[in-house]
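Here are my notes on this model, point by point. Please read them with the structure open.

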Amino acid sequence: MALDFAAGCVGGAAGVLVGHPFDTVKVRLQVQNVDKPLYRGTFHCFQSIVRQESMLGLYKGIGSPMMGLTFINAIVFGVQGNAMRNLERDTPLNQFLAGAAAGAIQCVICCPMELAKTRMQMQGTGEKKSKKKMYKNSLDCLVRIYKKEGFKGINRGMVTTLLRETPGFGVYFLAYDMLTRSLGCEPEDPYMIPKLLFAGGMSGIASWLSTYPVDVIKSRLQADGVGGVNKYNSIMDCVKQSLQKEGYRVFTRGLTSTLLRAFPVNATTFATVTLFLMYMRQGEDCSIQISEPVQLQPLQQQTQPTSM
């Protein structure tokens, strides 16, 4: 459990740095006003943010995921690894169930973190230097929301977060397990790292595709009220209004930037976690051999499974 936790911390930090700019683009596209759209698409949004707000505009709100995603990944990989040990049998169904359990538990941190991230990403849209900042940073954002709306306010979007994360992480770990097995990711394989990167990246894409419409609604609910006016009364009201104004295409807004982000972020995360666990477990094996002088012959190292 401790190794899974530590591996998740390392993988989480690596993933945030790689993917945050495209996450900012995703959120801007998901919540922009359809009557007066600022961006025509993914690359226009990316270029507009850089031109209007500088490169730093792409990293708005990064403080929240840098603090939160490290713990989230630690919880996810820790809970998933522990759940698999308790389930005992390594089957596709158990991989899905363990991943789903991990996804549900980490929502406690994920929901407030993404609320702060979304609010910070929307702040100062189109301004190189914000004239009037509503929030100083992610922590200030959460404090202000709590003072104004209480505990319910900082957990805005919790139901949609659960609906996204529970099945999403189930698909995430199931896809990774199936891909690493089919690709034959073994420690002695000279192409193991490229295979791990591919498996991790494709797992991230599969996970996002399985729950993306829910993510659109979650982003809209969490961005709602930034200007002081709330447009949506509930999840179903958000769905209804979005469909009436934009049709079913609303559920694919920002999908391109999400998939562009999903592959490198999850390739980095899963490869980092897997290699970290393999390295640390090999170190544990070596320490066991050294501490037992009665063994005349060195113990043969066991090949570690590459699936979490």
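1. Start with the surroundings of Q106. Leaving out residues up to four places away in sequence, Q106 touches I72, I75, V76, E165 and F169. Keep in mind that this is a predicted model. Q106 sits in the loop between α4 (92-105) and α5.

2. Is Q106 buried or exposed? Its relative accessible area is 1%. The cut-off for buried is under 20%, so Q106 counts as buried.

3. What do the polar atoms of the Q106 side chain meet? One partner is the backbone oxygen of G103, which lies 2.8 Å from a polar atom of that side chain. Another is the side chain of E165, in a polar contact at 2.8 Å. E165 is also among the residues that Q106 touches.

4. Now the overall fold. The protein has 10 helices and zero strands. From the N terminus on, the order of elements is therefore a plain run of α, written α-α-α-α-α-α-α-α-α-α. Of the contacts with a separation of 6 or more, 77% join residues 24 or more positions apart.

5. Burial and surface next. The protein has 308 residues, and 49% of them are buried. About 15,500 Å² is exposed. Carbon and sulfur atoms supply 63% of that area.

6. Which residues have the most contacts inside the largest nonpolar core? They are V76, F77, F173, L196 and F270, in a core of 20 residues. Two or more residues come from each of α3 (63-87), α5, α7 (158-183), α8 (192-223) and α10 (255-290). The most come from α10, which gives five. Another core lies apart from this one. That other core has 13 residues, among them Y212, Y232, V239 and F251. Note that V76, listed above for the largest core, is also touched by Q106.

7. Look at M120, in helix α5. Its relative accessible area is 10%. Buried means under 20%, so M120 is buried. Beyond its neighbours within four places in sequence, M120 is in contact with K60, G61, Y135, K136, N137 and S138. How far apart are the C-alpha atoms of M120 and G63? They are separated by 9.4 Å, with the two residues 57 apart along the chain.

8. Follow the contact from M120 to S138. S138 is found in helix α6 (residues 138-154). With a relative accessible area of 7%, S138 is buried too. Its side chain reaches the backbone nitrogen of S64 at 3.2 Å. Not counting residues up to four places away in sequence, S138 touches G61, G63, S64, A116 and M120. G61 thus appears in the contact lists of both M120 and S138.

9. Last, the surface around I109. This residue lies in helix α5 (residues 107-122). Why does I109 count as partly exposed? Its relative accessibility is 30%, and partly exposed covers the range between the buried limit of 20% and the exposed limit of 50%. I109 joins F71 and V108 in a nonpolar surface patch of about 280 Å². Helix α5 therefore holds both the partly exposed I109 and the buried M120.

Conventions
Residues are numbered from 1 along each chain as its sequence is written. This is a predicted model: local features need pLDDT of at least 70, side-chain atom pairs count only at pLDDT 80 or more; totals for chains, interfaces and linings use all residues. Side-chain values use heavy atoms; hydrogens and water are left out. Helices (H or I, at least four residues) and strands (E, at least two) are DSSP runs, numbered from the N terminus. Buried means under 20% relative accessible area, exposed over 50%, partly exposed in between (1.4 Å probe, protein chains only). Contact means heavy atoms within 4.5 Å. Accessible areas come from the Shrake-Rupley method with a 1.4 Å probe; for residues, only the protein chains shown count as cover. Patches are made of residues with over 30% relative accessible area and no salt bridge: like charges are joined within 9 Å, nonpolar side chains (Val, Leu, Ile, Met, Phe, Trp, Tyr) within 5 Å. A salt bridge is a side-chain nitrogen of Lys or Arg within 4 Å of a carboxyl oxygen of Asp or Glu. A nonpolar core is a set of buried Ala, Val, Leu, Ile, Met, Phe, Trp, Tyr and Cys residues joined through side-chain atoms within 4.5 Å. A polar contact is a pair of N or O atoms within 3.5 Å; within protein, one must be able to donate a hydrogen and the other to accept it, and residues adjacent in sequence count only if both atoms are side-chain atoms.
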